[in-house]
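User: Please take a close look at the salt bridges of this model, and then relate them to the strands and the nonpolar core. A connected account would be preferred.

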Amino acid sequence: MDAQTRRALVLLGHFVVTTSPAPNPAFAVHELQALLEGDNLEMREQMKEFMRDPSYIQRYDLELCEERELALVRLKKICVNGYLNVEDFRTNPRRIFAAHEVLAMCDPSTATKCTVQANLFGGTILKLGTKKHHDLLLKDMKTLEAVGCFALTEVGFGNNAVEMKTTAEYDPSTQMWTIHTPSILAQKYWITNGAVHAHWSVVFAQTMIKGKNHGIHGFLVRIRNQDLSVCQGVRVDDMGHKMGCNGVDNAKLTFDHVHVPREALLDAFSSVDADGTFHSSIVKPRDRFLKVADQLLSGRICIAAMMQSGSKVALAIALRYAASRLCVGPSGKSDTAILDYQLQQRALLPLLARTVMLNIGLNHVKAMWAAASGFNGESVDPKVAQEVLILCCAIKPMCAWNIQETSTTCRERCGGQGYLSVNRFGTLIGFAHAGMTAEGDNRVLMQKVAKELLSMTKLPAVAARLQQAQQAVGPDISSVCALRQLLLIREGRLMVALGQAMAGAKEAGWDEWMKRQSDLVQGTAFAYGEREVMDAASAAMEAPTPLGRPPSEELKVVLQLCARLYAARCIEQDIGWFVGEGVLPPQAGREVPELVRSLVLALGPYAAAIVDGFAVPDHLLAAPIAGDWIRYNKGDNKGELLELLIDPGYTSQHSRPHNTLPQLYLVCGREAYTLDLEILHEQTDID
């Protein structure tokens with residue numbers, strides 16, 4: 001590390017957020033951290049420490065091209081230093097999810113590029129490709145010398161991708177495929193990494209051989225040469241500026257009769273002989289599509305993991321600020337922390353409890369997916385595969401909706417400070433909206449959950465759950481067991497009601513599902529997801545953590561508080577249903593808000609320690625209001641941790657190469673020190 005960079009980092013150490021230690025909690029914070037992280041504890045700590053590298057310092061007032069290059073720099077350093085390797089899908093898939101979680105603490109754009117590079121593109125090559133594809137790409141993917149994208153969605157065919165119009169037609173005389181975009185609606189759309197950085201794309205297309213359509217398959221297509229010039233026949237349209245995640249270069253891709261060799265077909269499950277004879281181990285074309293789109297499931301886990309990190313960051317910032325910001329107290333002076341106000345606690349602590357619970361639920365989904373991923377070549381029980389499918393489709397929407405509510409609420413509860421970009425809520429809100437749509441629109445995924453649930457009602461485990469849902473609860477609804485039973489009753493009744501509605505519709509099933517029962521469909525899926533999370537938390541209270549033992553009694557107290565507050569808040573938000581259906585009598589319904597308030601009060605003393613258990617280090621949290629915000633406002637900070645120092649010849653993103661970055665200077669009081677990002681861009685390792 002050169003002296004100039006070292007000096008800047010020393011200064012940053014005095015400038016970046018720092019916090020006073022939280023009061024000693026009744027439980028060991030590292031124990032909560034281990035339970036929430038769940039796996040790869042040492043790797044996570046090493047990666048967080050590595051991200052003290054100056055490339056990961058937050059910056060805001062950047063041109064679009066600069067944001068994109070910064071995201072690439074950050075991702076490349078992670079790859080080169082071994083924290084992201086697509087081959088981990090074979091041996092330790094949760095390590096890939098862990099990398100997503102840590103990256104998202106710092107930069108949603110880098111995390112998004114990561115999930116396309118490592119999961120959608122890399123995971124698809126690994127699972128659907130064979131040795132020739134692996135030999136071509138896997139080595140260069142480790143160092144980001146080969147950047148890829150995943151071309152599934154089309155302008156006119158998003159959630160109904162099975163009807164896509166892009167074609168891949170095989171010519172036996174040349175042994176070549178012709179990849180073609182026949183219309184505007186067939187353009188590949190929202191293709192992450194496509195606008196600037198990707199060399200390769202997995203292109204999904206209708207597979208035509210001798211006039212017969214064999215269904216959708218993936219094809220490895222080079223879209224740029226190594227010098228990043230666009231290949232012949234490929235058109236790349238930059239989708240430009242978005243409401244968030246502008247470090248991600250999204251593109252529309254169009255293919256004008258692009259020729260690729262027969263070997264471009266990812267042929268682990270389907271292959272074509274030189275003469276055009278087609279073979280597939282999967283009989284039905286629709287099942288082939290489900291197989292080739294399989295990485296969308298792990299993609300939903302990646303997004304859920306990133307969303308959870310965003311929720312943790314938002315809560316850490318808001319709660320730390322609320323603990324340090326003084327406002328009017330009983331004396332009329334500004335001597336009372338706003339966290340002492342019930343208004344603040346009522347807004348933030350239910351979200352804190354829900355984030356803890358979703359984290360535990362997500363860990364359960366990760367474990368289920370990892371055991372049934374298929375990367376090890378073992379066959380998977382179809383019933384287990386269906387359960388994993390439902391869990392993946394439920395957890396992503398729940399985590400994405402949670403960060404949307406959490407980041408918005410935290411921004412509001414931080415007042416004007418929350419509106420500054422440097423305090424990060426704007427970035428997190430944009431990230432939330434990306435997560436709500438990517439890898440399947442949340443509402444459409446919930447339709448999938450409900451549909452699959454209805455097909456499982458005769459399975460013994462589901463039938464037993466429905467039977468248990470008929471049991472009433474006693475007068476005391478404040479215990480974990482009673483609250484869980486209320487969630488189960490709601491799930492069971494909604495499933496039965498939806499099943500009866502669909503059975504009564506007979507031939508008019510589509511209209512019933514899409515035009516008359518949408519609320520019931522969504523409610524059933526959401527009830528299932530919330531109950532699954534509650535069950536995962538109950539199991540986690542008794543199961544060994546990565547520390548090799550079950551949670552201590554002291555930690556169980558906090559987990560039970562979180563579980564009770566989570567469930568009570570679920571019931572409060574749907575209190576009309578519980579009372580209207582007679583599950584709770586009116587008096588009990590009136591008592592639910594008071595139960596929530598009492599649980600908020602009980603959880604309050606643990607809030608700071610729970611945030612510490614989220615293990616977001618200060619250099620990644622990097623929001624002034626989460627630390628010494630008074631010192632931050634001592635000088636003219638321009639709303640930045642770092643500020644652009646524009647070269648005299650620099651005018652706009654169009655007047656300089658896309659792969660260069662301007663100098664930056666570090667704001668520290670009234671002084672400024674340069675930090676040359678051209679040097680950082682070239683570095684792949686920091687001393």
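Analyst: The structure, which is a predicted model, holds 40 salt bridges. One of them is formed by the side chains of Glu87 and Arg90, with N and O 3.5 Å apart. Glu87 is partly exposed at 23% relative accessibility, and Arg90 is likewise partly exposed, its relative accessible area being 39%.

A salt bridge between buried residues is found at Glu532 and Arg531, whose side chains meet at 3.1 Å, N to O. Arg531 has a relative accessibility of 2% and therefore counts as buried, the limit being under 20%. Glu532 is buried as well, with a value of 13%.

The salt bridge of Glu542 with Lys556 has its closest N and O atoms 3.4 Å apart. This pair links distant parts of the chain, 14 residues apart: Glu542 belongs to the loop between α18 (518–540) and α19 (553–573), whereas Lys556 lies in helix α19. The two partners also stand in contrasting surroundings, for Glu542 is exposed at 54% relative accessibility, while Lys556 is buried at 11%. Elsewhere, salt bridges that share partners join Arg465, Arg484, Glu491, Arg531, Glu532 and Asp535 into one network. The bridge between Arg531 and Glu532 was described above.

Burial of a polar side chain is also seen in strand β5 (residues 200–209), where Gln206 is found. Gln206 has a relative accessible area of 12% and is therefore buried. Its side chain reaches the backbone oxygen of Val162 at 3.2 Å. Leaving aside neighbours within four places in sequence, the contacts of Gln206 include Glu163, Met164, Thr166, Thr167 and Ala168, as well as Asn213, Gly215 and Ile216.

Of these contacts, Thr167 and Ala168 fall within strand β2 (residues 167–171), which pairs with β3 in the antiparallel sense over 5 bridges. Within this pairing, Asp171 has Met176 of β3 as its bridge partner. The hairpin of β2 and β3 has 4 residues between the strands, and Gln175 there takes a positive phi near 55°. Strand β3 is also joined by 4 bridges to β9 (residues 258–261), again antiparallel, and Met176 stands opposite Pro261 of β9. Because 4 of its 5 residues are buried, strand β3 (residues 176–180) is largely enclosed by the rest of the structure.

A further set of strands forms an open, antiparallel sheet of 3 members in the order β4-β8-β7. Strands β4 (188–192) and β7 (234–238) stand at its edges with a single partner strand each, so one side of each has no neighbour in the sheet. Neighbouring strands are turned by 35° against each other on average, direction ignored. The pairing of β7 with β8 (residues 250–255) comprises 5 bridges, and in β8 the bridge partner of Arg235 is Thr254.

The nonpolar core completes this account. The largest core has 203 residues, of which Met51, Trp177, Ile179 and Ile610 touch the most other members. Helix α10 (residues 295–324) gives the most to this core, namely 18 residues. Not counting residues up to four places away in sequence, Met51 touches Tyr56, Ile78, Val102, Leu103, Cys106, His619 and Leu620. Another core, of 6 residues, lies apart and has Ile57, Tyr60, Ala622 and Tyr632 among its members.

How values were computed. Residues are numbered from 1 along each chain as its sequence is written. This is a predicted model: local features need pLDDT of at least 70, side-chain atom pairs count only at pLDDT 80 or more; totals for chains, interfaces and linings use all residues. Side-chain values use heavy atoms; hydrogens and water are left out. A nonpolar core is a set of buried Ala, Val, Leu, Ile, Met, Phe, Trp, Tyr and Cys residues joined through side-chain atoms within 4.5 Å. Buried means under 20% relative accessible area, exposed over 50%, partly exposed in between (1.4 Å probe, protein chains only). Helices (H or I, at least four residues) and strands (E, at least two) are DSSP runs, numbered from the N terminus. Contact means heavy atoms within 4.5 Å. Two strands pair if DSSP finds at least two bridges between them. Axes are lines fitted to C-alpha atoms, for helices over the stretch in contact, and angles run from 0 to 180 degrees between N-to-C directions. A polar contact is a pair of N or O atoms within 3.5 Å; within protein, one must be able to donate a hydrogen and the other to accept it, and residues adjacent in sequence count only if both atoms are side-chain atoms. A salt bridge is a side-chain nitrogen of Lys or Arg within 4 Å of a carboxyl oxygen of Asp or Glu.
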